[in-house]
Structures are given as C-alpha cells and as structure tokens.
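Grab a pencil and work through these exercises one at a time. Try each task yourself before you read its solution.

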Amino acid sequence: MAPIRTRRIVDEAGVDGVLLAAEHHAREKGYRVVITVVDRAGNVLGLRRTPGAQVASSLVAVDKARTAAIFVRPSRDIEEQVPALTYEAARRVAETVGTVATDRSVAPVVAVVDAEGHLVYLWRPDAAQVASVDVAIDKARTAAIYRRPSKDFEDQASTGRPSALHLARAVPLQGGMPLLARGHVIGAVGVSGASSADEDQELAVLGSEAPLLHDAATYIPKQKVNEQFQTGGLLLQTLSYKLDAGRRTGPGAVELHDHETDIMHVAHGRATVVTGEDKYLLNEGDVLVIPNGVPHQFVEVTGPFLYFVTKVRS
C-alpha cells in the first residue's frame, strides 16, 4: 500500500485568528485596509475590511494573498524582482530631454509615464504649445503599453497597414520611446512640439538613454532622517538600491533576500543578529553586511534600535 502524505491546512479558527490579529494591528495604526486569507491554491477563506477601506482594495488584497500562496513567498519578493520607474528617474529623463531642447532653442513637451502608461513627470516650458501636452502623453503611453517605439505604428500605417490607426490607446506618431532597465520596460518617454516629428523622435531616443546614467547626488536633511526613524521606512529608492531608516523594538522573523545584499549601519541602540550559525552583537557605529541568500534574524533588541539599511540588488 502506497504511503499517504498529509499536509497542514488553515482551519476556520486559524483564519479567524489571522484576520483578528491583522485587524487589531490595522485599527491601532489607523490603517484603512482590506485583509484576506487564502488557502495554498489561492482560494479565499476569509476577508475583512476596516472602516473607510476603499472598495478596490478587496480585489487587490485577494490578488496579493493569492500571489504569496501560489509562489510560496511574500508578494513583495515578486515586486522587487522587477524594477520600477521612480519619480527621480522620470525627472532625470524629462530634464535630460529638456536640457538638449533648450540648447537647440526648441520648446517641446516631454512626458514620462510608468509601465502601465500613467503619467509620472511632465516637462512643459513656457513656450510650448498647449496641444503638445496630450500628444506627448499619448506617445509615451503607446511606447509603454505596447513595449516598443511609437514610431513602429507610424511606419506600419504609412506602409499600407491601416489597422495601426485603430489600436487601443495607441497613437501612430513617432516620438515615444520605452525606458528599459535590466531588460524590463519600466515606462516610456514621449516628446511633442519640437521643430519636426523627426526631432521629436531624436529627443525621445536621447531621453530613453537617460536611465543608464548615474544618479545625481541625493541630500537627505537630518530632520527628515529623524522623522523617518520614528516609524522606520524608506528614505531613498533607485533602480539599483534602496536606503531604509530601520527601527526595531523587539525580535523579528527570519528574513531571506534572494536578490538583495543588506548593508546595516547602526545609528542607535543595541541588537543581536543571527546569520546561519553566526551571531553578531551590534552596537552604535557597527556595520554588518549580509549577502543575498543568507538567512538572518534579529533575536534580541534593546529598543529603540535605529539603523540604516542599504539594500543593493545583487
């Protein structure tokens, strides 16, 4: 007789316990959220909404829970695998085009959108024509959602493919270019209103190369750092690294980052961190580097323990 395997499941009491604990924490913090629990296949077992939660969050919460269940990892890990367009990167793209355009004495509108085609940054000089605002956004959105230069659709329309004129949410006008980071389309730039359509395209190409440039220096004043340390959280995010103002008042769960190296610098307090079989007592001024793939856990904390964490993609 073949052996029978068994597995643990979340029963009704377990579902209620998870929902109750999450709701209690959300109410203490004043969060307006939807909380959901699913089984290992992603089927909904329970859902609860705190007062004021937006209706759309019900679907999003289920999607996040299902992602964590079927991939057997936090949904944040999935998010972190794909780079995202930051505000600073979008600004750099637009201002790169704007600087070149100003040197050429032309005044186009430059729009930068995210991977779904939503506007992130708009550069509009005083001399720009008003109509170019919507056109630049349309070009950028086309390049973003179709993952190709908008010029491709103009070329198709001009060479005998009229269907290119009727693609959903697309315009067959050159001047829209995707923005790439590590092989992923993270957004797009659209340019409209230069001296010609060809110059729109040329400027868009220049803008699409901007994410490959080094970031400018970033200054974070002491006041902002201190404010962020009150709760802990993100100080800076770029395409290749993040800087957190970490705050702990007690031990935490085991963490494991497949694609990030953690560089910790202690600003205040004392804590013990275990990495594998090694244990480190961290004091103010100490630095601990934890490579990707190494499990680590805070097991003792004299709070509040404040520390900077630079997360570098490996």
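**Exercise 1.** Decide whether V287 is buried, partly exposed or exposed.

*Solution.* Keep in mind that you're looking at a predicted model. Step one: find the relative accessible area of V287, which is 52%. Step two: compare that with the cut-off, since exposed means over 50%. V287 is therefore exposed. Step three: place V287 in the fold, where it belongs to strand β11 (residues 287-290). Step four: look at its partners on the surface. Together with I263 and V289, V287 makes a nonpolar surface patch of about 240 Å².

**Exercise 2.** Work out which kind of aromatic pair Y146 and F153 form.

*Solution.* Start with the total: there are 6 aromatic pairs. Now take the rings of Y146 and F153, whose centres are 5.1 Å apart, with 70° between their planes. Planes over 60 degrees apart count as edge-to-face, so that's what this pair is. Next, check how covered each partner is. Y146 has 23% relative accessibility, so it counts as partly exposed. F153 has just 2%, so it counts as buried.

Now try F298 and Y307: their ring centres are 5.4 Å apart and the planes make an angle of 40°, and this pair is tilted. Both F298 and Y307 are buried. Ring pairs also bring in F305, giving a cluster of F298, F305 and Y307.

**Exercise 3.** Find out where T272 lies and what it touches.

*Solution.* First, locate T272: it's in strand β9 (residues 260-275). Second, read its relative accessibility, 7%; that is why T272 counts as buried. Third, list its contacts, leaving out residues up to four places away in sequence: K279, Y280, L281, Q297, F298, V299 and E300. You've met F298 already, in the tilted pair with Y307.

**Exercise 4.** Check whether the length of helix α7 agrees with or departs from the expected span, then find what covers its buried residues.

*Solution.* Step one: count the residues. Helix α7 (residues 197-208) has 12. Step two: get the expected span. You multiply 1.5 Å by one less than the number of residues, and for α7 that should come to 16 Å. Step three: compare. The end C-alpha atoms of α7 are 17 Å apart, which agrees.

Step four: pick out the buried residues of α7, namely E199, D200, Q201, L203, A204, G207 and S208. Here's a handy idea for reading such a list: an α-helix has 3.6 residues a turn, so residues three or four places apart point the same way. Step five: see what lies over them. The cover includes the helices α4 (87-103), α5 (132-145) and α6 (151-158), plus the strands β5 (176-181) and β6 (184-192).

Terms used
Residues are numbered from 1 along each chain as its sequence is written. This is a predicted model: local features need pLDDT of at least 70, side-chain atom pairs count only at pLDDT 80 or more; totals for chains, interfaces and linings use all residues. Side-chain values use heavy atoms; hydrogens and water are left out. Rings of Phe, Tyr and Trp (its six-membered ring) pair if their centres lie within 6.5 Å; planes under 30 degrees apart count as stacked, over 60 as edge-to-face and the rest as tilted. Buried means under 20% relative accessible area, exposed over 50%, partly exposed in between (1.4 Å probe, protein chains only). Helices (H or I, at least four residues) and strands (E, at least two) are DSSP runs, numbered from the N terminus. Contact means heavy atoms within 4.5 Å. Patches are made of residues with over 30% relative accessible area and no salt bridge: like charges are joined within 9 Å, nonpolar side chains (Val, Leu, Ile, Met, Phe, Trp, Tyr) within 5 Å. Accessible areas come from the Shrake-Rupley method with a 1.4 Å probe; for residues, only the protein chains shown count as cover. A salt bridge is a side-chain nitrogen of Lys or Arg within 4 Å of a carboxyl oxygen of Asp or Glu.
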